[in-house]
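Hi everyone, thanks for coming. Let me put the structure up, and then we'll go through a pair of helices and a pocket.

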Amino acid sequence: MFPVFQGLQAQLISNVTPEAVGSKIIIHYDIEEATSNQQFEVALYFSKDNYSRTLQNVSGNGVGSSVSPGKERVIIWDVLKDVKELTGEYAFEVRALLKSNVVELVTMSGTRDRTVNVSNKDEAFPLISNTLIDYINEAKDFKDAFQMLGVQATESRQALAKLTDATEQYNRAFEKLNKERLTYEKYVTSFWGSPVKSLEFKSLLDYAIGDLHGVNILTLNQELTVINDIANGRVKHINSQKKELEKDINDEVLKLDKRLQELERRTNRILYDLSQD
């Protein structure tokens with residue numbers, strides 16, 4: 001049992017949902033009632049020590065010193081790196097501290113970046129389709145990079161650099177999709193005027209950002225820490241650690257591949273339906 005408390009900023013932190021995945025606990029939540037240029041410092045606390053210390057072995061897009069507001073913020077806690085075992089009933093607190101406003105991005109000409117004015121489905125469709133297709137392609141490249149270079153990156157700086165680059169390219173595509181998701185949902189609702197299409201499209205984005213990214217991508221991405229530890233000689237029994245790493249990567253790649261196939265199938269069907277209407 002693991003009830004989860006929202007933390008001190010109840011007006012900001014909402015929809016907190018925990019999920020146990022192997023030896024990790026994945027916590028999903030939303031940061032609401034915030035503007036896009038605000039940033040938050042977010043930490044996770046645990047009831048076992050009366051919420052007195054932040055948990056250290058955490059990762060994801062929903063924890064750290066620069067967390068953006070929005071839906072599907074994710075924290076992954078690697079349980080056994082902080083405690084020997086976890087039994088009984090326990091709870092968490094997600095605490096968010098508002099930081100100073102982020103400076104707005106400017107173009108080379110010195111003017112503020114303007115929002116594209118979209119007024120109909122013909123203008124909206126290419127934006128939606130390009131973002132979704134780019135995200136799927138980068139997620140595939142991310143998966144392939146871990147599959148081909150994961151273990152090799154423990155010995156080769158070149159392989160590690162390629163793996164890091166694939167991760168950065170994926171992050172770019174994900175942040176684009178995550179940033180624009182509410183805008184795209186509004187486009188579908190306004191321009192296509194179909195409650196069924198709107199619901200299916202929202203479900204597609206929930207699947208991409210929540211299921212595929214929030215579980216499979218972030219879990220696989222945690223192996224980068226293991227890769228770096230092995231590469232820098234911070235572990236004992238390197239050979240056995242490499243074998244365990246290879247097994248973990250293969251297991252996670254298989255799960256991610258199945259999710260990607262499902263995401264691509266659903267994306268193709270929904271984009272086809274939107275293009276025909």
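So, at what angle do helix H2 and helix H3 pack, and how far apart are their axes? Before that, a word on the model: it's predicted, so local features need pLDDT of at least 70, and side-chain atom pairs count only at pLDDT 80 or more, while totals for chains, interfaces and linings use all residues. Residues are numbered from 1 along each chain as its sequence is written, and side-chain values use heavy atoms, with hydrogens and water left out.

Okay, the helices. H2 (residues 157-192) and H3 (residues 195-221) pack at about 165°, with axes 9 Å apart. That makes H2 roughly antiparallel to H3 (angles over 145 degrees count as that). Helices here are DSSP runs of H or I, at least four residues, and strands are runs of E, at least two.

Who touches whom? On the H2 side we have, among them, Tyr170, Phe174, Leu177 and Trp192, and they're part of a set meeting H3 residues including Phe201, Leu205 and Ile209. Contact means heavy atoms within 4.5 Å. By class, this contact has 11 nonpolar, 6 polar and 5 charged residues.

Now the second largest pocket (an open set of points on a 1 Å grid where a 1.4 Å probe fits, with protein on both sides within 12 Å along at least five of seven lines; lining residues have an atom within 4 Å of a point). Its volume is about 560 Å³. There are 23 lining residues, and Lys24, Asp78, Gln222, Glu223 and Val226 lie nearest the centre. H5 gives the most to that lining, with 7 residues.

How values were computed. Points joined across faces, edges and corners; volume = space filled by probe spheres on them. Axes fitted to C-alpha atoms, helices over the stretch in contact; angles between N-to-C directions. Parallel < 35°, antiparallel > 145°, perpendicular 65-115°, else oblique. Nonpolar A, V, L, I, M, F, W, Y, C, P; charged D, E, K, R; others polar.
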